[in-house]
Amino acid sequence: TDPKSLRARTGEAMIVHHQNRLDEAEQLQRKVLEDCERALGPEHDTTCDSRNNLAQVLEHLSRYDEAQALLERNLEINTRVHGEEHEETVVSLANLANLISLRGDTDRAERMFRQAIAIRLKKFGPRHRLTLNVQTSLASVLLTQQRFREAAELAEQTLALQRKTLG
């Protein structure tokens, strides 16, 4: 099975997921992940994307332990294969931080989001949409932590940069 057909099957599973047919989406994503690992290996970018997509389905099924294990595996693989500052690694870091925040470990999520922001600021600058997206996630964590002033300042700063960047 070639990467293009595996990506197409992942796309099909994502459509099913977005239709809220979660049990079916899980089955499809598990099969795609199994086929990716067999055909491409566990460290291939398409395999990591598939693992991430399965984690999203599991998150929506409230199976957080399973989802977190998959996201942690992706972060470990991407860090080892690409390095700490590669965009695939930062995406893995932010995805894991989102789940960890959802699970209530906002201190750990904050550290992870700040790490992702530092890398994206260095790589893309303050106005890039990827930098701004993670800043928005961090503002949400700060709000959850009842750090209202800091959350509001970051949200306002991010919104102002979004307006300048996106018009």
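What follows is a short exchange on how terms are applied to this predicted model.

Guide: In this predicted model, local features need pLDDT of at least 70, side-chain atom pairs count only at pLDDT 80 or more, and totals for chains, interfaces and linings use all residues. Residues are numbered from 1 along each chain as its sequence is written, and side-chain values use heavy atoms, with hydrogens and water left out.

Visitor: Why is T158 called buried?

Guide: Buried means under 20% relative accessible area, exposed over 50%, and partly exposed in between (1.4 Å probe, protein chains only). T158 has 2% relative accessibility, so T158 counts as buried.

Visitor: What makes R30 and E66 a salt bridge?

Guide: The term requires a side-chain nitrogen of Lys or Arg within 4 Å of a carboxyl oxygen of Asp or Glu. For R30 and E66 the closest N and O atoms are 3.0 Å apart. R30 lies in helix 2 and E66 in helix 4 (helices being DSSP runs of H or I, at least four residues, numbered from the N terminus), so the pair ties together parts 36 residues apart in sequence.

Visitor: Why is R30 called partly exposed?

Guide: R30 has 35% relative accessibility, so R30 counts as partly exposed. E66, at 34%, is also partly exposed.

Visitor: How do you know that the span of helix 3 agrees with the expected one?

Guide: The expected span is 1.5 Å times one less than the number of residues. Helix 3 (residues 45–60) has 16 residues and should therefore span 22 Å; its end C-alpha atoms are 23 Å apart, which agrees.

Note on methods:
Helix = DSSP H or I, 4+ residues; strand = E, 2+ residues; numbered from the N terminus.
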